[in-house]
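Biologist: I would like to look closely at a single part of this protein and then see what surrounds that part. Please go slowly and explain each term when it comes up.

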Amino acid sequence: MKKQITLPDLGEGIDIAEVSEVSVSVGDSVEKNDTLIVLESDKASMEIPAEDAGVVLEVLINPGDEVSTGQPLLSMELTSSGETTASETTVPETTASETTASETTVPEKQVAMPDKPILYDGRKEGFLASPGVRRLARELNIDLRSVPGTGLKGRTTKDDLNSYIRMRMDMGGASIKPLKKEVDFSKWGEIEFQKLTKINRLTGSRLQQSWQEIPLVTQYESADITELDQLRKKLKADGEKKEIKVTFLPFLMKAAAVALKEMPRFNSSLDSKEENLVLKSYYNIGVAVDTPSGLVVPSIKDVNKKTIFDLSKELMDISARARDKKLKPDEMSGSTFTISSLGGIGGSGFSPIVNPPEVAILGVSKSEWKPVYSEEKNTFIPRYILPLSLSYDHRVIDGASGALFVRRLSEILNDMELYK
Ligand code: CAO
């Protein structure tokens, strides 16, 4: 049976990505889960795997092409019958063999069409954009350097500009950033330019959007994890025999899932009209991972159903693949709450920024031994204290609930034996 493979929904609002690698050629035999193409979006590199085994009949895209959701990528003759998914359309043989890349119909809104065929090379100014896009940006007093470009080689397309304008308008009419005057820093000494990665630029604009849209409060708390430290040491030793690295993070994820179940508003999102709360009965925790290309937040699904060892293993795998830009689209979406842990690095506290559409995020800093006064023993005793900071959307969560949530989290961590 012949199948046409189309670009699946990449989630996370990504509907256009650039083909960075075509991993197969016409005539290649592929197994289920073999990589067909590698895409680079603003957020990460993603592999599109084969959902069935087969032989490649046609390749309809090339490295450097921009592809959008639903666009045909290649066709295959299947050697095993598989279920047809939303991303695959069975096409009659005659149609498939006659279809070419140029004849492919792509939903209009997903196509980034240059308004003139000739590209204006703006590399000297640090960006690429067509003359029409530049003119519109000039008229609206928009600095194109602040508009993340999704086009070929980071080109800023008309759609990019429109999305940027929409985003600014959605921010309650916040004025479009005025053009900044370029400062010649070389007047005072040696300088070098370092290009921001796509992930840097996208994270930057998402963080800025979150910062401007969400009235944010951060609640600080500290948890006594002296007993948890002992438990972690024991599981760490057991884990080493199975080559599983057990850190504090899986315990924090489990504790968060327990607290989220008890206090469902923290596991919700506002609907698009901001009139309803969407309360979720699944507990997927996003984990901020520091990578050479910037910050990414893969999502670990159904944390409440997994053991500390399951979570440790998954964390090792997902953070390694995040660093190698090998995350799959569904691993980048669907989280209901995020943890940003800087505990392995240090620092006594920080105020994390909510990762929309979530409404809360937990910041974790480095634990330290501290003298804590015991009324019972009338003396100070050493306890291992973990600093926590919970930032939340004040439209959804009030201050008392914020304080109760971290308080409860701290209790759970203090009694982790019960919840592991
Ligand atoms: N207190 C004390 N020690 C801690 C700790 C804490 N809160 N958190 C971690 N540690 C320890 C770990 O247990 C581990 O020690 P051992 O070697 O004895 O097991 C060591 O520090 C290193 O941990 P790690 O950082 O490698 O692992 P992790 O599971 O704690 O974190 C990950 C994994 C992927 C979250 C982390 O590597 C990372 O990328 N952190 C940065 C996240 C970030 O940038 N956040 C900021 C976002 S906002 O800009």
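Biologist: Where is the place of S335?

Modeller: This is a predicted model, in which local features need pLDDT of at least 70 and side-chain atom pairs count only at pLDDT 80 or more, while totals for chains, interfaces and linings use all residues. Residues are numbered from 1 along each chain as its sequence is written, and side-chain values use heavy atoms, with hydrogens and water left out.

S335 sits in the loop that joins helix α7 (308-323) to strand β17 (337-341); helices (H or I, at least four residues) and strands (E, at least two) are DSSP runs numbered from the N terminus. With a relative accessibility of 14%, S335 counts as buried, a word that stands for under 20% relative accessible area, whereas exposed stands for over 50% and partly exposed for what lies in between (1.4 Å probe, protein chains only). If residues up to four places away in sequence are not counted, S335 touches N284, I285, G286, S299 and E358, where contact means heavy atoms within 4.5 Å. With E358, the side chain of S335 also makes a polar contact, side chain to side chain, at 2.8 Å. A polar contact is a pair of N or O atoms within 3.5 Å; within protein, one must be able to donate a hydrogen and the other to accept it, and residues adjacent in sequence count only if both atoms are side-chain atoms.

From S335 we can move on to N267, which is 68 residues away along the chain although the C-alpha atoms of the two are separated by 9.3 Å. N267 belongs to the loop between α6 and β11 (268-270), and at 0% relative accessibility N267 counts as buried. The side chain of N267 reaches the backbone oxygen of Y282 at 2.9 Å. Once its neighbours within four places in sequence are set aside, N267 is in contact with L260, V278, L279, K280, Y282, Y283 and T336.

The loop of N267 follows α6, so let us turn to that helix. Helix α6 (residues 249-262) packs against helix α8 (residues 399-414) at an angle of about 130°, with the axes 9 Å apart; axes are lines fitted to C-alpha atoms, for helices over the stretch in contact, and angles run from 0 to 180 degrees between N-to-C directions. α6 and α8 are therefore oblique to each other, given that angles under 35 degrees count as roughly parallel, over 145 as roughly antiparallel, 65 to 115 as roughly perpendicular and the rest as oblique. The crossing of α6 past α8 is right-handed; in such a crossing the near helix is turned clockwise from the far one by less than a right angle, while an anticlockwise turn makes it left-handed. From α6, the residues F251, L252, A255, A256, V258, A259, L260 and E262 take part in this contact, and α8 supplies F405, R408, L409, I412 and L413. By class, the contact of α6 with α8 has 11 nonpolar, no polar and 2 charged residues, with Ala, Val, Leu, Ile, Met, Phe, Trp, Tyr, Cys and Pro taken as nonpolar, Asp, Glu, Lys and Arg as charged, and the others, Gly among them, as polar.

Helix α6 also meets α7, and here the axes come within 9 Å and cross at roughly 120°. α6 and α7 are therefore oblique to each other, and α6 passes α7 in a right-handed crossing. On the α6 side the contact involves L249, P250, F251, M253 and K254, and on the α7 side I308, L311, S312 and L315. These residues of the contact of α6 with α7 divide into 7 nonpolar, 1 polar and 1 charged.

One backbone detail can be added from the loop between β17 and β18 (360-364), which is the place of P357. The peptide bond from P356 to P357 is cis, with omega near 10°.

Finally, we can step back to the protein chain, which comes to 8 helices and 20 strands. Of its 420 residues, 47% count as buried. Among the contacts in the protein chain with a separation of 6 or more, 64% are between residues 24 or more positions apart.
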